[in-house]
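Here's a walk through one protein model, written for someone who'd rather be at the bench. Keep the structure open while you read.

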Amino acid sequence: MRDKVKIETLKEWEADTQQYYAPGVLLRVHNGKGVLREVFGTLEGKTYLSLMMGTEPLFEFQGNEYFCPTCEKILRSGYGLGPEYHIQTDKINQKKETVPLQSAIKEIEPLLGLLPSGFYAVIDTVLHPTDGNGHIFWDVPAGMTDVDTTDWKGTCLYYFGNGEWGSSRPHFMVATEPKCQCNIERVEYYRKNPGSRAIAYYMDGYMTALLDGHHKTLAAALENRDINALVIIPAHLYWKGIPGTEGYTPALSAGELSFYFEDLNIGKKEVRKFSKENPWSTRVTEAEMYDIRKRVIKNNQAHELPVPADGIAERYPDVREQAYIDSMGVIPDELLEDILQKRMVYSDEEVQRLMIVLSGIHHKRAREMGEFFSRQPYLGETLYVVLKEMMKLPGDEELEAFFIERMVELEDEYPYIRDLILDYL
């Protein structure tokens, strides 16, 4: 008889500005069923990683080139999450403020028990209801018909250049249920009753697979909101440098979070055992990977959502904007005032980053700051970025008049700014 599944809490934390970007818990799953699992394999010389629920693929991306800034990325939903895996989540469907994290974790233990035995962080965060590349979460992709024509631009870590990468935090998502399961009555219910949590599984980079909460996530998207989410992050073994020494100690890495084994009261034998098992991902044969890809195509038949979703993704940060948002953190009003009053001088690069962030988060003072920067003697490249980011903000006649004014003043020196504004108008 198989031993009973056990979920052990090893550590709990609150959000802070140093180590933990969101509150969460570190769990250990004992005797996990391994139904919800990652598999990887090669097909025609390319490596793919898939999230599976039983025999059905939920999510797939191309593995080896995923973090290569100059390589094409491949990402797709498997849309394989059927009603047979529905888990009753009454507390998860209540407002986040009314259900403490530990109570929420307790309720999703049946889902956690489907994972392979191992270590997992679960963070209590918010996600954008998009893939970060211009598509709503429930539209990645649709209508595929051939195993050789399924490529879809993926969302990886952002590369700033010069060896600088963005963070490893979950921000975006892809659906795992087909659109045909969308119930408009449930969507409307969550539009009127916002604030509950979805459940997602962290894949890599910025990307998650949405496991539960498709209707509440679509409701949030229709209301231009982010969605509260519990995100399950598999933890991997690595050797972390000991500050002030040349030594290393075993630790767990869960995205951007890290934990020393010695702080978790886990002995060296357990470390060695865990490193050998590598339970979170399993290699499959080329034939098995081909079958997985065929199932992805089978599940990706074209369906339409019962509500119009055009333009929704444009209201949220894309990968580039999110990377800058993470790098800058909170932007205090005092900083903006210091810039406006010229008590602080911002370089061209700093101006570009700040405007990308302000427009990405739809900051209430983004337009004010953009107008100020556009009238300062910055380089043409910086002025171009400022104006382009302002074009992502809600428009009106006053804003159009402002663009026309700037075009007249800048077109002789910077004809590409003239072209940018003409395209906008």
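Which strand is the place of histidine 236? Histidine 236 is in strand β14. Keep in mind that this is a predicted model. With a relative accessible area of 26%, histidine 236 counts as partly exposed, because values from 20% to 50% fall in that class. Its C-alpha atom is separated by 8.7 Å from that of tyrosine 120, although the two residues are 116 apart along the chain.

**The whole protein**

Zooming out, you've got 13 helices and 17 strands. Of the 425 residues in the protein, 52% are buried. About 20300 Å² is exposed, and carbon and sulfur atoms supply 48% of that area. If you take the contacts with a separation of 6 or more, 70% of them come from residues 24 or more positions apart.

**The three-stranded sheet**

Back to β14. Three strands form an open, antiparallel sheet in the order β14-β15-β16. The edges are taken by β14 (236-241) and β16 (257-260), and each has a single partner strand, so one side of each is left without a neighbour in the sheet. From one strand to the next, the twist averages 40 degrees.

β14 and β15 form a hairpin with six residues between them. Look in the turn for glycine 244, which has a positive phi of about 80 degrees. Alanine 251 is a handy landmark in β15: tyrosine 238 stands opposite it, and alanine 251 also stands opposite tyrosine 260 in β16.

Here are some antiparallel strand pairs with their bridges; the β1 pair belongs to the sheet described next.

| Strand pair | Bridges | One facing pair |
|---|---|---|
| β14 and β15 | six bridges | tyrosine 238 and alanine 251 |
| β15 and β16 | four bridges | alanine 251 and tyrosine 260 |
| β1 and β2 | seven bridges | glutamate 12 and valine 25 |

**The seven-stranded sheet**

Seven strands make up another open sheet, in the order β1-β2-β7-β13-β11-β12-β10, with mixed pairing. β1 (6-13) and β10 (172-174) are the edge strands, each pairing on one side only. Ignoring direction, neighbouring strands of this sheet are turned by 35 degrees against each other on average.

Helix α4 (residues 214-222) lies across β10, β11, β12 and β13, and runs at about 120 degrees to β12.

So, is threonine 208 buried or exposed? Threonine 208, found in strand β12 (residues 207-212), is buried, because its relative accessible area is 0% and the cut-off is under 20%. Its side chain reaches the backbone oxygen of phenylalanine 172 at 2.9 Å. Leaving aside neighbours within four places in sequence, threonine 208 is in contact with residues including Phe59, Leu127, Pro170, Phe172, Tyr202 and Val231.

**A pair of helices**

Which way do helices α11 and α13 run relative to each other? The axes of α11 (residues 380-390) and α13 (residues 415-424) come within 10 Å and cross at roughly 5 degrees. That makes α11 roughly parallel to α13, since angles under 35 degrees count that way. On the α11 side, Gly380, Glu381, Leu383, Tyr384, Leu387 and Lys388 take part in the meeting. Across from them, α13 brings Tyr416, Ile417, Leu420 and Ile421.

Note on methods: Residues are numbered from 1 along each chain as its sequence is written. Side-chain values use heavy atoms; hydrogens and water are left out. Helices (H or I, at least four residues) and strands (E, at least two) are DSSP runs, numbered from the N terminus. Buried means under 20% relative accessible area, exposed over 50%, partly exposed in between (1.4 Å probe, protein chains only). A polar contact is a pair of N or O atoms within 3.5 Å; within protein, one must be able to donate a hydrogen and the other to accept it, and residues adjacent in sequence count only if both atoms are side-chain atoms. Contact means heavy atoms within 4.5 Å. Two strands pair if DSSP finds at least two bridges between them. Axes are lines fitted to C-alpha atoms, for helices over the stretch in contact, and angles run from 0 to 180 degrees between N-to-C directions. Accessible areas come from the Shrake-Rupley method with a 1.4 Å probe; for residues, only the protein chains shown count as cover. Angles under 35 degrees count as roughly parallel, over 145 as roughly antiparallel, 65 to 115 as roughly perpendicular and the rest as oblique.
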